[in-house]
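Reader: I should like to learn how to read a helical model in an orderly way. Where should one begin?

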Amino acid sequence: MKRLGRRGAALLVCSLISILLGLGSVVTPTGRPLSPVYVVITGLAPMKVWGIIWILAGAVAGVQAFSRTVAAAAWLSVITIAAVWTAGLFAGWLVSGWPRGWIGGVIFGAYTALLVICAGWREPS
């Protein structure tokens, strides 16, 4: 196991965020209505499935954060789910017409951009 560098530390934080987002989706009571902006996302898969995907992406990132080399698969897993979530929220906003629906898309879009930036960092030798 290596000492965490900047990329590893960033990946560990992304892992925690992904796992917590996933847990929030898995344990949310099913009888409670969701915001209309989730119409596209839940049309593709139930929230519990999305939660499991978030948790799996976070687990891959968490394991890879401590590996000797931070594998591209770890960054790809968290970037992909964040990008899909961004697109789903923006699409849901357009479909539902929910007035503030774009905000979630902007937040997840910024998070996705930050992930892409961190993934491109070089660790000092």
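Author: The dialogue below goes from the overall fold to helix pairs and then to single residues. Please bear in mind throughout that this is a predicted model.

Reader: Which secondary structure elements does the protein have, and in what order do they run?

Author: One begins with the inventory of elements. The protein has five helices and zero strands, so that the order from the N terminus reads α-α-α-α-α. The C-alpha atoms fill a box of roughly 50 × 25 × 15 Å along the principal axes.

Reader: What share of the residues is buried?

Author: Burial is read from relative accessible area, and a residue under 20% counts as buried. By that criterion, 35% of the 125 residues of the protein are buried. A second overall figure concerns contacts between residues at least 6 apart in sequence: 74% of them join residues at least 24 apart.

Reader: How does one examine a single helix, for example H3?

Author: One may compare its span with the expected one, and then ask which residues are buried. H3, residues 47-65, has 19 residues and reaches 27 Å from its first C-alpha to its last, close to the 27 Å expected at 1.5 Å a residue. Its buried residues are Met47, Trp50, Gly51, Trp54, Ala57, Gly58, Ala61, Gly62, Gln64 and Ala65.

Reader: Why do residues three or four places apart in an α-helix point the same way?

Author: An α-helix has 3.6 residues a turn, so residues three or four places apart point the same way. With that idea in mind, one may look again at the list for H3, which includes Met47, Trp50, Trp54, Ala57 and Ala61.

Reader: Against which helices do the buried residues of H3 pack?

Author: They pack against H1 (6-27), H2 (39-44), H4 and H5.

Reader: How should I read the packing of two helices, beginning with H1 and H3?

Author: One takes the distance between the axes, the angle, the handedness and then the residues in contact. The axes of H1 and H3 come within 7 Å and cross at roughly 160°. That angle makes H1 roughly antiparallel to H3, and the crossing is left-handed. The residues of this contact divide into 13 nonpolar, nine polar and one charged. On the H1 side they include Leu11, Ser15 and Gly22, and on the H3 side they include Lys48, Gly58 and Gly62.

Reader: At what angle do H3 and H4 cross, and which residues meet?

Author: The axes of H3 and H4 come within 8 Å and cross at roughly 150°. Angles over 145 degrees count as roughly antiparallel, and H3 and H4 are therefore roughly antiparallel to each other. Their crossing is left-handed. By class, the contact has 14 nonpolar, two polar and no charged residues. Among the residues that meet are Trp50, Trp54 and Gln64 in H3 and Ser77, Ile81 and Trp85 in H4.

Reader: How do H4 and H5 pack?

Author: H4 (residues 72-96) and H5 (residues 102-119) pack at an angle of about 160°, with their axes 8 Å apart. That makes H4 roughly antiparallel to H5, and H4 passes H5 in a left-handed crossing. The contact comprises 17 nonpolar, five polar and no charged residues. Trp75, Leu89 and Trp93 are among the H4 residues involved, and Phe108, Tyr111 and Cys118 are among those of H5.

Reader: How does one read single residues? Is Ser15 buried or exposed?

Author: One places the residue in its element, then reads its accessibility and its contacts. Ser15 lies in H1 and, at 5% relative accessibility, counts as buried. Leaving aside residues up to four places away in sequence, Ser15 touches Gly58, Ala61 and Gly62. Ser15 and Trp50, 35 residues apart in sequence, are 15 Å apart from C-alpha to C-alpha.

Reader: Which residues does Leu89 touch?

Author: Leu89 is in H4 and counts as buried at 3% relative accessibility. With residues up to four places away in sequence not counted, Leu89 touches Val37, Tyr38, Ile41, Gly101, Gly104, Gly105 and Phe108.

Reader: How does Leu114 count by accessibility?

Author: Leu114, in H5, counts as partly exposed, with a relative accessibility of 49%. The C-alpha atoms of Leu114 and Val49 are separated by 25 Å, and the two residues are 65 apart along the chain.

Definitions and conventions
Residues are numbered from 1 along each chain as its sequence is written. This is a predicted model: local features need pLDDT of at least 70, side-chain atom pairs count only at pLDDT 80 or more; totals for chains, interfaces and linings use all residues. Side-chain values use heavy atoms; hydrogens and water are left out. Axes are lines fitted to C-alpha atoms, for helices over the stretch in contact, and angles run from 0 to 180 degrees between N-to-C directions. Helices (H or I, at least four residues) and strands (E, at least two) are DSSP runs, numbered from the N terminus. Angles under 35 degrees count as roughly parallel, over 145 as roughly antiparallel, 65 to 115 as roughly perpendicular and the rest as oblique. A crossing is left-handed if the near helix is turned anticlockwise from the far one by less than a right angle, and right-handed if clockwise. Contact means heavy atoms within 4.5 Å. Ala, Val, Leu, Ile, Met, Phe, Trp, Tyr, Cys and Pro count as nonpolar, Asp, Glu, Lys and Arg as charged, and the others, Gly among them, as polar. The expected span of a helix is 1.5 Å times one less than its number of residues. Buried means under 20% relative accessible area, exposed over 50%, partly exposed in between (1.4 Å probe, protein chains only).
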